[in-house]
Every structure is written in C-alpha cells, then in structure tokens.
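Visitor: Could you take me on a close look at the salt bridges here? I would like to know where they sit and how open their partners are.

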Amino acid sequence: MFDNLGGFEIGALLLLALLIFGDRLPAVISDGLRMVRNLRNMARNATTDLSRELGTDIQLEDLHPKAFIRKHLLSEEDEQAIRKPLQGIYDDLRADVDGVHKELKDVAAAADVRSGATAASTPPRPRSYDVDAT
C-alpha cells in the first residue's frame with residue numbers, strides 16, 4: 001500500500017496527522033481500524049449471502065463483472081465461441097508481426113558493417129583531420 005513512500009514521506013504524514021488531530025490521534029487511528037474491520041466483515045457477509053442465494057461458491061474476486069460472467073454464466077463452449085473470431089485475428093496479426101520482425105533482422109544482418117562481406121564491398125571512407133586548432 002505504501003510501496004512508493006519513503007521514510008521521509010511517512011514521517012511527514014505522521015507529523016501532519018499529529019498536527020491535525022493532536023491528542024485525539026490514537027482515538028482516530030482506532031476508529032479507522034474499526035471501520036476497516038467492519039467493511040471487511042460487511043464484504044465477507046455480502047459474499048456469503050450472495051453465494052447462498054445463487055447456490056454456488058463465490059469469492060470476493062468473483063464479484064468483478066467479467067469474472068462473474070465468465071465463471072457462473074458462460075460455459076466453456078460459450079467462452080470459446082466468443083473468443084474464436086478474435087483469436088483468428090490475433091493469430092493473423094501475430095504472424096504478420098513475426099514476419100516483419102524476421103525481415104528487419106535479415107536487413108540488419110545484411111547491413112552490419114562488422115561482417116566481412118559488407119565491409120569488403122564498400123570502400124573505406126578517408127579520415128578527415130581538423131587542422132584548425134585555435
């Protein structure tokens with residue numbers, strides 16, 4: 001939750017909380033923790049009630065609309081029928097991208113100046129020295 005906060009930022013937030021709430025800070029923290037606990041219990045009770053009403057086992061992650069439809073309303077055949085047209089388009093696009101990638105690698109290998117065949121066929125460029133050294 002606080003992965004992107006450093007020690008200085010956390011200290012500044014604690015100092016700000018102390019300035020805002022003063023002596024009531026422990027009571028505010030305990031009220032906040034109690035509210036989080038109550039919210040977790042409410043979510044757990046809602047999933048329990050929902051799973052009892054539907055007659056299936058529902059986890060909290062299953063309440064996302066996509067996951068709910070995928071798990072409880074669609075069969076595997078229905079899901080495959082929905083994915084099939086898009087999968088064909090994806091496969092065609094992937095094959096095209098792989099072909100372009102291979103062609104680019106071939107062109108890069110042919111134009112590589114470190115290889116002996118290309119370096120021998122092109123004459124070396126003369127070096128230019130700057131005589132104006134003022």
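Guide: Here is a walk through the salt bridges, after a short word on their setting. Please keep in mind that this is a predicted model. The protein chain has five helices and zero strands, and buried residues make up 5% of its 134 residues. As background, side chains of opposite charge can pair when their charged atoms come close.

A search of the whole structure turns up three salt bridges. Let us start in helix H2, which covers residues 25-54. There, the side chains of Arg34 and Asp31 meet with 2.9 Å from N to O. These two residues are three apart in the sequence, about one turn of the helix. Arg34 has 42% relative accessibility, so it counts as partly exposed, and Asp31, at 41%, is partly exposed too.

Helix H2 also holds the pair Asp49 and Arg52, again three residues apart and therefore separated by about one helical turn. Their closest N and O atoms are 2.8 Å apart. Here Asp49 is partly exposed, with a relative accessible area of 36%, whereas Arg52 is exposed at 56%, because exposed means over 50%.

For the remaining pair, please move on to helix H4 (residues 76-110), where Lys102 and Asp106 are four residues apart, about one helical turn. Their side chains form a salt bridge with an N to O distance of 3.4 Å. Lys102 is exposed, with a relative accessible area of 52%, while Asp106 counts as partly exposed at 42%.

Technical notes. Residues numbered from 1 in each chain as written. Predicted model: local features only at pLDDT ≥ 70, side-chain atom pairs only at ≥ 80, totals over all residues. Heavy atoms only, no water. Buried < 20%, exposed > 50% of the residue type's maximum accessible area, 1.4 Å probe, protein only. Salt bridge = Lys/Arg side-chain N within 4 Å of Asp/Glu carboxyl O.
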